[in-house]
Amino acid sequence: DGLDLASIPEREDARDALITTTTRIASLEEIPEGAKLGTGSLRRQVQLEYLRPDLKISPIRGNVDTRIRKIQERGLDGIVLAAAGLRRLGLEEKISFTFPVEDMVPAIGQGALAVEIRSDDEATRHLVEPLDHADTRACVLAERRFLHTMGGGCQVPLGAHARIVNGSAIFSAFVGSPSTRETISKVSNGLPQELEKLALDSAEFLLSHG
């Protein structure tokens with residue numbers, strides 16, 4: 001209470017990226033069978049295991065530099081990080097492969113920033129509102145509505161990504177079981193002004209399917 005998201009600037013790349021010990025690859029299928037990949041995200045782990053059940057997933061923690069260093073230190077074949085963080089840190093050249101949203105649904109709000117202010121601070125609101133990007137705001141708020149409806153937290157592997165392409169809205173959503181690694185996903189299409197409805201419909205579909 002008493003705080004507002006006064007501005008949500010234009011989003012950076014929301015996708016997940018793979019850094020490997022080799023050069024750029026065209027698909028995840030080029031990773032050798034039984035390869036060992038590092039990630040600290042349950043969401044990424046479950047989706048990786050769905051895409052490639054043969055992969056060995058190793059949990060890693062730390063900031064971006066620490067995680068990249070652990071590729072060598074722990075003998076990993078690669079790690080998965082947010083593309084946005086790598087791009088913002090000037091490390092884009094380290095990206096070997098960027099996952100399509102359809103294969104690896106991003107975390108809610110991934111790649112987006114928010115400027116939070118006191119609700120009654122009109123002077124600051126006036127200063128930061130020009131940074132607001134209408135399409136990004138609509139997409140991120142829809143993803144947050146999905147998360148709120150799902151009731152998910154850090155222990156639930158789920159993701160959602162909204163985007164507006166050529167005047168149409170696309171909402172991708174995913175949820176998985178932390179124990180069985182089963183997954184349910186849904187992709188919905190509609191008008192940009194229907195994004196909140198797409199988010200709610202996606203959440204209701206995933207909840208109704210277990």
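Two strands are taken to pair if DSSP finds at least two bridges between them, and the first legend below applies that definition to a predicted model.

**View 1. The five-stranded sheet of the predicted model.** Five strands form an open sheet in the order β4-β3-β5-β2-β6, and the pairing within this sheet is mixed. The edges are taken by β4 (56-58) and β6 (97-98), each of which has a single partner strand, so one side of each is left without a neighbour in the sheet. Strands β3 and β4 run parallel and are joined by three bridges, and L37 has I57 in β4 as its bridge partner. Two helices lie on these strands: α1 crosses β2, β3, β4 and β5 at about 125 degrees to β5, whereas α2 lies across β2 and β5 and runs at about 165 degrees to β5.

**View 2. Surroundings of T39.** T39 is placed in the loop between β3 (36-38) and α1 (42-51). Is this residue, T39, buried or exposed? With a relative accessible area of 3%, T39 is buried, because the cut-off for that term is under 20%. When residues up to four places away in sequence are not counted, T39 touches R44, Q45, L48, I57, S58, P59, I60 and V80.

**View 3. Helix α2 and its ends.** Within α2 (residues 64-73), the buried residues include T66, R67, I68, K70 and I71, and what covers the buried residues of this helix includes β2 (16-20), β5 (78-82) and α3 (83-88). The N-terminal end of α2 is capped by N63, from which a side-chain oxygen lies 3.3 Å from the backbone nitrogen of D65. Just after α2, G75 takes a positive phi of about 65 degrees.

**View 4. Polar contacts of S7 in strand β1.** S7 belongs to strand β1 (residues 3-7), and it counts as buried because its relative accessibility is 0%. Which backbone atoms does the side chain of S7 reach? The side chain of S7 reaches the backbone oxygen of V128 at 3.3 Å, and it also reaches the backbone nitrogen of D132 at 3.1 Å. Leaving aside neighbours within four places in sequence, the residues in contact with S7 are L113, A114, V115, V128, L131, D132 and R137.

**View 5. The three-stranded sheet and the helices on it.** An open sheet is formed by three strands in the order β8-β9-β10, with antiparallel pairing. Its edge strands are β8 (158-165) and β10 (183-190), each of which pairs on one side only, and from one strand to the next the twist averages 10 degrees. Strand β9 (residues 168-176) pairs with β10 in the antiparallel sense over eight bridges, and G176 stands opposite T183 in β10. Helix α1 packs on this sheet, touching β8, β9 and β10, and its direction makes about 90 degrees with that of β9. Helix α6 (residues 195-208) also lies across β8, β9 and β10, and it runs at about 155 degrees to β10.

**View 6. The second largest pocket.** The space in the second largest pocket amounts to about 260 Å³. Its lining is made up of 15 residues, of which R11, H161, A162, R163 and I164 lie nearest the centre of the pocket. At least two residues of the lining are supplied by each of α5 (134-150) and β8, and β8 gives the most, with four residues.

Note on methods:
Residues are numbered from 1 along each chain as its sequence is written. This is a predicted model: local features need pLDDT of at least 70, side-chain atom pairs count only at pLDDT 80 or more; totals for chains, interfaces and linings use all residues. Side-chain values use heavy atoms; hydrogens and water are left out. Buried means under 20% relative accessible area, exposed over 50%, partly exposed in between (1.4 Å probe, protein chains only). Contact means heavy atoms within 4.5 Å. Axes are lines fitted to C-alpha atoms, for helices over the stretch in contact, and angles run from 0 to 180 degrees between N-to-C directions. A polar contact is a pair of N or O atoms within 3.5 Å; within protein, one must be able to donate a hydrogen and the other to accept it, and residues adjacent in sequence count only if both atoms are side-chain atoms. On a 1 Å grid over the protein atoms alone, a cavity is a set of points where a 1.4 Å probe fits but cannot get out, and a pocket is an open set with protein on both sides within 12 Å along at least five of seven lines; lining residues have an atom within 4 Å of a point. Grid points are joined across faces, edges and corners, and a volume is the space filled by probe spheres set on the points.
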